[in-house]
Every structure is written in structure tokens, then in C-alpha cells.
Amino acid sequence: MSIIPILLLAGVLMIASVQGEVSYEQFTNYGTKYYISMQREPFDLAKMNGRCKKLGGYLVQMDNKEEFAYVRFIAVSVSGRGPFFTGITDEKEEGTWLNYHSKKPAKFLKWRWFQPDNWWGEDCVEIGYYGLNDYGCEKNGRYICEVPF
Ligand SMILES: [Ca+2]
Ligand SMILES: [Ca+2]
């Protein structure tokens, strides 16, 4: 694993790291690391959560307002475009938003205007500046892993 320091923001260390074929931008906030994949590719909950598992974590789940704000901040801070998939999904039951990893209800949901709209059956969730949007689970994007340490 190679680790290259890129820049140091106030209280935020961002580095790029490579895990096998996948490159990530990495952030640290209190006792948690967050990895954002750098390549856009077709999303897949099980596959991407498996990759997060290799990093020691799981697809990001925002447990409170502060964590939500931080994850939103890093999603809009990274280079290149999203969308940025989270671990939130309603694939089991329409309108019931669970975290893929914990299988428990998502604790903090701040939706973008007019979302979620389940447009053509959207069961995954991406995060951006204006909040969350339900989005197709197989669409192209990047994803965010959460790794407690
Ligand atoms: Ca849905
Ligand atoms: Ca939507």
C-alpha cells in the first residue's frame, strides 16, 4: 500500500491510497477514517461493501447530524465528480431506509428537495452538497467507506 500526502486542511488530513486495483482519497475525523473511491464505475452494494470490508470497514452510514455534515463536506471536497454512494438503501422494503452494513434504520436522513422520489425504482442513496438523493443501485458513481479505528 502506498500512501501519498496530498494536502492538509484545517483539522482534515487527506491522503490518497491504493488498495489493489482501487484508488481512494482518505480523510480522518476523530476516531473514523473515510475512503472515497477515485474512479467512477457501476455501483453494487455487496461488491463495494466487500471492498470497504477489505479496508476494515463498511459502506458509510451517517449516525448523526455531525457525521452527516462531515461526510457531505468530504464528498464536495474531493477532486472529480460523483455521485458518491453511501451504504443507505431501501432495497428490502420501499421507503424503509436501512444501512446496508448494520441492517438497521438509517439514523440521520437529510434529503434534497423533492427526494426521495424512487424515480424508476431507485433504492440506493448518494450524498452531495444539498443532501441525500435516492439513486439507481447500478448506476455509475463513486462510493464512500467508513473505517472506525
Ligand atoms: Ca426506493
Ligand atoms: Ca431520486
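Q: What percentage of the 149 residues of the chain count as buried?
A: Keep in mind that this is a predicted model. A residue goes down as buried if 20 or more other C-beta atoms lie within 10 Å of its own. Across the 149 residues of the chain, the share that counts as buried is 32%.

Q: What does the chain average in pLDDT?
A: Start with the weak spot: residues 1-11 have a pLDDT below 50, and that stretch has 16 contacts in the model beyond near neighbours in sequence. Over the chain, 90% of the residues score at least 70. The average pLDDT comes to 91.

Q: How many helices and strands does the secondary structure of the chain come to?
A: Reading along the sequence, you get the pattern β-β-β-β-β-α-β-α-β-β-β-β-β. Tallied up, that secondary structure is 2 helices and 11 strands.

Q: Among contacts between residues at least 6 apart in sequence, what percentage join residues at least 24 apart?
A: One long-range pair to look at is Glu-41 and Tyr-143, which sit 102 residues apart in sequence but 9.4 Å apart in space, C-alpha to C-alpha. For the chain, take the contacts between residues at least 6 apart in sequence; the share joining residues at least 24 apart is 57%.

Q: Which helix gives the largest share of the largest nonpolar core?
A: The largest nonpolar core has 29 residues, and among those with the most contacts inside it are Tyr-34, Leu-59 and Val-71. The largest share of this core is 4 residues, and they come from residues 65-77, that is, helix 2.

Q: Which residues does Tyr-34 touch, leaving out those up to four places away in sequence?
A: Tyr-34 is one of the residues with the most contacts inside the largest nonpolar core. Skip everything up to four places away in sequence, and the residues it touches are Phe-27, Asn-29, Val-60, Val-71, Ile-74, Ile-144, Cys-145 and Glu-146.

Q: Why is strand 4 said to be largely enclosed by the rest of the structure?
A: Strand 4 covers residues 32-37. It pairs with strand 3 in the antiparallel sense over 6 bridges, and 5 bridges join it to strand 11, also antiparallel. Strand 4 is largely enclosed because, of its 6 residues, the number buried is 5.

Q: Which residue of strand 11 does Tyr-35 stand opposite?
A: Strand 4 and strand 11 run antiparallel and are joined by 5 bridges. On the pairing with strand 3, Thr-28 has Lys-33 of strand 4 as its bridge partner. Over in strand 11, the residue opposite Tyr-35 is Cys-145.

Q: Why do Met-48, Arg-51 and Cys-52 lie on the same side of helix 1?
A: Met-48, Arg-51 and Cys-52 are the buried residues in helix 1, residues 45-54. They end up on the same side of helix 1 because the arc they cover around the axis is only 100°.

Q: Which strands do the buried residues of helix 1 pack against?
A: The other side of helix 1 has Ala-46, Lys-47, Gly-50 and Lys-54, which are exposed. The buried residues of the helix instead pack against strand 3, strand 6, strand 7 and strand 11.

Q: Is Glu-41 buried or partly exposed?
A: Glu-41 is found in strand 5, residues 41-42. A buried call would need 20 or more other C-beta atoms within 10 Å. Glu-41 has 13 C-beta neighbours inside 10 Å, so it counts as partly exposed.

Q: What is the phi of Tyr-30 near?
A: Most residues other than glycine have a negative phi. Tyr-30 lies in the loop between strand 3 and strand 4, and it is exposed, with 9 other C-beta atoms within 10 Å. Its phi is positive, near 50°.

Q: Which residue in the loop between strand 8 and strand 9 has a positive phi of about 50° although it is not a glycine?
A: That loop also holds Pro-116, and the peptide bond from Gln-115 to Pro-116 is cis. The residue asked for is exposed, with 12 other C-beta atoms within 10 Å. With a positive phi of about 50°, it is Asn-118.

Q: What is the peptide bond from Gly-82 to Pro-83, cis or trans?
A: Most peptide bonds are trans. Pro-83 lies in the loop between helix 2 and strand 7. With omega near 0°, the bond from Gly-82 to Pro-83 is cis.

Definitions and conventions:
Residues numbered from 1 in each chain as written. Chains lettered and ligands numbered in written order. Predicted model: local features only at pLDDT ≥ 70, side-chain atom pairs only at ≥ 80, totals over all residues. Core = buried A, V, L, I, M, F, W, Y, C linked by C-beta atoms within 7 Å. Contact = placed C-beta atoms within 7 Å. Arc of directions from axis to C-beta. Pairing = 2+ DSSP bridges. pLDDT = per-residue confidence, 0-100.
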